[in-house]
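Please open the structure in your viewer and keep the selection tool at hand. The stops below are meant to be taken in order.

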Amino acid sequence: MTSQEVTDLLKKAYSDEIETVMNYLTNSIVLEGVSAEEVKESLETDIQEELNHAEMLGQRLKQLDERPPASYDFEAHQESLQPPENSTDVLSVIEGVLDAEEDAIETYRSLIKAAGDDDPVTEDIAVTILADEEAHRTEFRGFKREYDE
């Protein structure tokens, strides 16, 4: 039997992935300038991966006889990932992505712990997605280092 904590974390992760898709898409559209191109390309690539994460989480919720959150259930939280007023402010987008990735990593680690031995399927999904989120974080840490120099 899956715990309420696992179900709640799956729903949170699903909503976070959908919000991330929206913010990555918007930022990939509005960013401009020579230094923005590599970040935009990375965001465009990550959009599909984040959408795949949401689909995996939604399917797992369905398997657990739960419903993934829909738009009326949605509450936005990614303040730092909002598009910048200055469309050439690439650093603020990089920092927003890093904030979102840190939050996702924390959520997936909590989900792994909550699922534990009682729910190995959810644990496996969370471990798989965690690896992707850590890779995204590493990539954007590299982008940030270029701006810190």
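Which residue forms a salt bridge with Arg-67? Select Arg-67 together with Asp-73, since the two form a salt bridge in which the closest N and O atoms are 3.2 Å apart; the term stands for a side-chain nitrogen of Lys or Arg within 4 Å of a carboxyl oxygen of Asp or Glu. Before going further, note that this is a predicted model, in which local features need pLDDT of at least 70 and side-chain atom pairs count only at pLDDT 80 or more, while totals for chains, interfaces and linings use all residues. Residues are numbered from 1 along each chain as its sequence is written, and side-chain values use heavy atoms, with hydrogens and water left out.

Arg-67 counts as exposed at 51% relative accessibility, whereas Asp-73, at 40%, counts as partly exposed. Here buried means under 20% relative accessible area, exposed means over 50%, and partly exposed lies in between, with a 1.4 Å probe and protein chains only.

Next, select Asp-65, which is found in the loop between helix 2 and helix 3; helices are DSSP runs of H or I with at least four residues, and strands are runs of E with at least two, numbered from the N terminus. Asp-65 has a positive phi of about 65 degrees although it is not a glycine. Most residues other than glycine have a negative phi. Asp-65 is also exposed, with a relative accessible area of 70%.

Now display helix 3, residues 90-115. Its 26 residues reach 37 Å from the first C-alpha to the last, close to the 38 Å expected at 1.5 Å a residue, where the expected span is 1.5 Å times one less than the number of residues. Gly-116 follows helix 3 and has a positive phi, near 45 degrees.

From helix 3, select Glu-102 and then Arg-141, whose side chains meet in a salt bridge of 3.6 Å, N to O. Because Glu-102 lies in helix 3 and Arg-141 in helix 4, the pair ties together parts that are 39 residues apart in sequence. Glu-102 is partly exposed at 35% relative accessible area, and Arg-141 is partly exposed at 36%.

Stay on helix 4 and select Thr-138, which counts as partly exposed at 48% relative accessibility. Add Leu-98 to the selection: the C-alpha atoms of Thr-138 and Leu-98 are separated by 9.0 Å, although the two residues are 40 residues apart along the chain.

Further along, select Lys-144 and Asp-148, which form a salt bridge with the closest N and O atoms 3.3 Å apart. Both lie in helix 4, four residues apart, about one turn of the helix. Elsewhere, salt bridges that share partners join Lys-12, Asp-16 and Asp-103 into one network, and a search of the whole structure finds 10 salt bridges.

Finally, show helix 2 (residues 37-63) beside helix 4 (residues 120-148), whose axes come within 11 Å and cross at roughly 170 degrees. These axes are lines fitted to C-alpha atoms over the stretch in contact, with angles running from 0 to 180 degrees between N-to-C directions. That angle makes helix 2 roughly antiparallel to helix 4, a label for angles over 145 degrees. Among the residues that meet, with contact meaning heavy atoms within 4.5 Å, are Leu-43, His-53 and Met-56 in helix 2 and Ile-125, His-136 and Phe-140 in helix 4.

Terms used. Angles under 35 degrees count as roughly parallel, over 145 as roughly antiparallel, 65 to 115 as roughly perpendicular and the rest as oblique.
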